[in-house]
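Here are some notes to read alongside the structure, written for someone opening it for the first time. Keep the viewer open and go through the points in order.

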Amino acid sequence: MKFYILAIVVVINITANAQMYVGSAYYPEQLSKERIDKDASLMQEAHLNMVRIGDFAWSALESEDGNFSFEWMDNAIHTLQKKGIQTLLCTPTAAIPKWMCDAHPDIMQVQVDGQRKAYGRRRHACYNNEAYRTYCVRIVRELAARYKETPAVIGFQIDNEMTTEDPYCYCENCRMRFVEWLQKKYKTIGKLNQSWGTTFWSETLNSFSQAWLPRRMDNPAIYLDYQRFVSDCTLDFYRMQRDEIKKIAPRMLCTTNVGGGGFVTTIDLYQLGKECDVLSIDNYPINCTVENLYGNNVGQPFEPSMVSFALQQIRGGRKENIWVTEEQVGRTALTQREIVPDGIVRLWTHQQLAYGCNMSVFFPFRAFESAHEHLMAGVVESDYVKRDKYQEIQQTAHEVRALYAKTGKLLPIARAAIIRDFDADWTFENGYTFCPDLKYLREVYAYYKALRSRSVMVDMVSPDADLSPYDCVIIPYLALVAPDFPEKIETKVKKGATVVMTCLTGVRNKEFHKFDGGVYQPLQRLAGIEIERQEALFGRKHNTLDYVDSTAICKYWFDKVKPVQATVLSRYNGAYFKDAPVITCNRVGDGKMYYVATVPEQKVIDQLMNVVISETSLKPIAHHASPLMEIAELQDMKGNSYLYLINFSGDLQQVVLNYPSNDVMTGEEWKAGTVSVNPMEYKVLRIKK
């Protein structure tokens, strides 16, 4: 009885804050009114206070061209509202009705081989097709007009997981849009030819109208522009829908959900974040990892730092909340490397809160009886029995809402940043990459993981970001740099920051032209070195280096470095470039500039980050020994500091605190020293500095 009295108090507090949402993806178009009413009661009992509906419901909303039916959605929203459950509506544009395809076959994307995609999947319509865009605008207007005054509707998710499946269309309409995009960018055909280097292989164009849509292994400069174009088309498609919603219902929050576990390379997420009221991620920690991005469909073992890597990428360095619009609750349609352990969904929901998420949406509420996603586990199975998964979600929703009622808005605080660039993503995957086995985001993650395993909070930022909040900046494999980038980094280092720059940074300009000397000369001078030679090897071959009294493997790319002002910290000792410097450090003003001339194994990066932490203000306020222990540092809106301790392991973990604290939920006081966190449990501590 006491438990349910507390739950009522939490509901009242959360309603007052109106900020913390815990809910589920829900599909009332598949259900009867009676079933929806029973579901609403189950959700209320599970302490859920919102649903996400409508993402694939176009045919239910518009069964024939212009024949709209919203009564089922009205009923679902009203029924759920009576149980205190609000709604995030989705525009249904990711899955088109069959009647639309039959009426306009040219809506379907054209593949790189010239064949038009057949109907039967999702996201197979061309973003640039005018008929498709007209239909999209019409359904969005209808939804916005109908629900603009509905208090239970908090906003719109636009489309669904844009560009996570094959986004590339080679239709003539897309080619003409590409021509327009090129004209706007280059103004003259001479500038385009110069930028693309078209004199090579006799590719010189006489007019913009001759431009083609490139494929992998075409001219890399053209392919880079094509990737930028595809990203811009996706952003335009999002803006088109958002602007229609805002014109009719300006109070509505607009978001879109980033799929692929956040590891999407086909759209510039920094630009997308600027267009959204709040940016959202679909979080599938067991299934969607960096490895899936590179074709390893079985993923990799669960690592808390992989999840935070994705969440921080979605945040993009912005001091704002983010949403999780889909959260894995069990098995998915993909083959998994491991079974989702009991209790882990609860913990990664806490982890989402630890990285500033104030919405968590479990996917789905009810397991599907049939069709494409019939393998997905739900909060409840199709028989609606309240089994262990339901009970875990019930406990989770109660905990995170109660915690948020105590703390209010929390945001992660970082003093280190890693620069991740979407131009680099596209550059490394163009088919003429510097080394085919070097996977950009995998190697960026190695530096992130090294810092997070030492409890150092890290923001993921663009090359254009303001770097003033950070004491340490990591620049891994930033292949393309703007002319003013070295000056920006030099200013940062001179003021006392520590910067770590790796090989392949600054090897090309933003037009994909090579710099004299292999690497942009201002960056070489800043690092206190000269690059004498650059070589690459396939992953099955490697070199070795000496660092911190041990030998380690290095792969893929090898700079031969000549120190000018820099101090040598490590040298190659293998078959290639033996005794040449591989890790150097240069004093610049009040700061230091490290250079790593190859792609070393993880232990070298870990050791280097130990050095960086020891000489900067990055020393964490708590530390631990287990890779399955998450320690996140946060602040509330009043500037109070918090630590979120989450133990993903099956063993008791000891965390060493450098400051006294008290437990937010229990009030228990802790002196500086050791705090124990039970297996598969968490603590949230308010730090007393």
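1. Let's start with a small oddity, keeping in mind that this is a predicted model. His 47 sits in the loop between helix 2 and strand 2 (50-53). Its phi is near 65 degrees, a positive value in a residue other than glycine. Is His 47 buried or exposed? With a relative accessibility of 7%, His 47 counts as buried, because the cut-off for buried is under 20%.

2. Ser 455 is worth a look for a similar reason. It has a positive phi of about 65 degrees, although it is not a glycine. You'll find Ser 455 in the loop between helix 16 (440-452) and strand 14 (458-461). At 7% relative accessibility, Ser 455 counts as buried.

3. Another backbone detail is easy to scroll past. The peptide bond that runs from Phe 363 to Pro 364 is cis, with omega near -20 degrees. Pro 364 belongs to the loop between strand 11 (357-363) and helix 14 (388-407).

4. Back to helix 2 and what it packs against. The axes of helix 2 (residues 33-45) and helix 4 (residues 71-81) come within 9 Å and cross at roughly 30 degrees. The crossing is right-handed. Which residues of helix 2 meet helix 4? They are Lys 33, Ile 36, Asp 37, Ala 40 and Met 43, and on the helix 4 side the partners are Asn 75, Ala 76, Thr 79 and Leu 80.

5. Now for helix 12 (residues 304-315). It has 12 residues and reaches 17 Å from its first C-alpha to its last, close to the 16 Å expected. Helix 12 is mostly covered, with 12 of its 12 residues buried. That list takes in charged and polar residues as well, including Arg 315, Gln 312, Gln 313 and Ser 308. Just after the helix, Gly 316 takes a positive phi of about 65 degrees.

6. Helix 13 (residues 344-354) makes a good companion to that. How many of its residues are buried? The count is 11 of the 11, so helix 13 is largely enclosed by the rest of the structure. Among the buried residues are Arg 346, Trp 348 and His 350. Helix 13 is followed by Gly 356, whose phi is positive, near 85 degrees.

7. Turn next to the nonpolar interior. The largest nonpolar core has 219 residues, and the members that touch the most others are Tyr 132, Leu 272, Phe 309, Tyr 595, Met 609 and Tyr 644. Helix 9 (residues 220-248) supplies the largest share of this core, 13 residues. Phe 309 is also one of the buried residues of helix 12.

8. Zoom in on Leu 272. Leaving out residues up to four places away in sequence, Leu 272 touches Met 162, Leu 235, Tyr 238, Thr 256, Val 258, Ile 267 and Leu 279. One of those, Ile 267, lies in the loop between strand 8 (257-258) and helix 10 (269-275). Ile 267 counts as buried, at 2% relative accessibility. With the same neighbours in sequence left out, its contacts include Thr 163, Ser 231, Phe 422 and Trp 426.

9. Charged pairs deserve their own tour, as the structure holds 44 salt bridges. Glu 62 pairs with Arg 138, and their closest N and O atoms are 2.4 Å apart. This links distant parts of the chain, with Glu 62 in strand 3 (residues 62-64) and Arg 138 in helix 6 (residues 130-147), 76 residues apart. Glu 62 is buried, with a relative accessible area of 0%, whereas Arg 138 is partly exposed at 28%.

10. Lys 185 and Asp 225 form another salt bridge, with 2.7 Å between the closest N and O atoms. Lys 185 is in helix 7 (residues 172-186) and Asp 225 in helix 9, 40 residues apart. Which residues share a salt-bridge network with this pair? Arg 228, Asp 421, Asp 423 and Lys 510 are linked with Lys 185 and Asp 225.

11. Last, return to helix 13. Arg 346 forms a salt bridge with Glu 681, the closest N and O atoms being 2.8 Å apart. Glu 681 lies in the loop between strand 32 (673-677) and strand 33 (682-687), so the pair ties together parts that are 335 residues apart in sequence. Arg 346 is buried, with a relative accessible area of 6%, while Glu 681 is partly exposed at 28%.

Notes
Residues are numbered from 1 along each chain as its sequence is written. This is a predicted model: local features need pLDDT of at least 70, side-chain atom pairs count only at pLDDT 80 or more; totals for chains, interfaces and linings use all residues. Side-chain values use heavy atoms; hydrogens and water are left out. Helices (H or I, at least four residues) and strands (E, at least two) are DSSP runs, numbered from the N terminus. The expected span of a helix is 1.5 Å times one less than its number of residues. Buried means under 20% relative accessible area, exposed over 50%, partly exposed in between (1.4 Å probe, protein chains only). A nonpolar core is a set of buried Ala, Val, Leu, Ile, Met, Phe, Trp, Tyr and Cys residues joined through side-chain atoms within 4.5 Å. Contact means heavy atoms within 4.5 Å. A salt bridge is a side-chain nitrogen of Lys or Arg within 4 Å of a carboxyl oxygen of Asp or Glu. Axes are lines fitted to C-alpha atoms, for helices over the stretch in contact, and angles run from 0 to 180 degrees between N-to-C directions. A crossing is left-handed if the near helix is turned anticlockwise from the far one by less than a right angle, and right-handed if clockwise.
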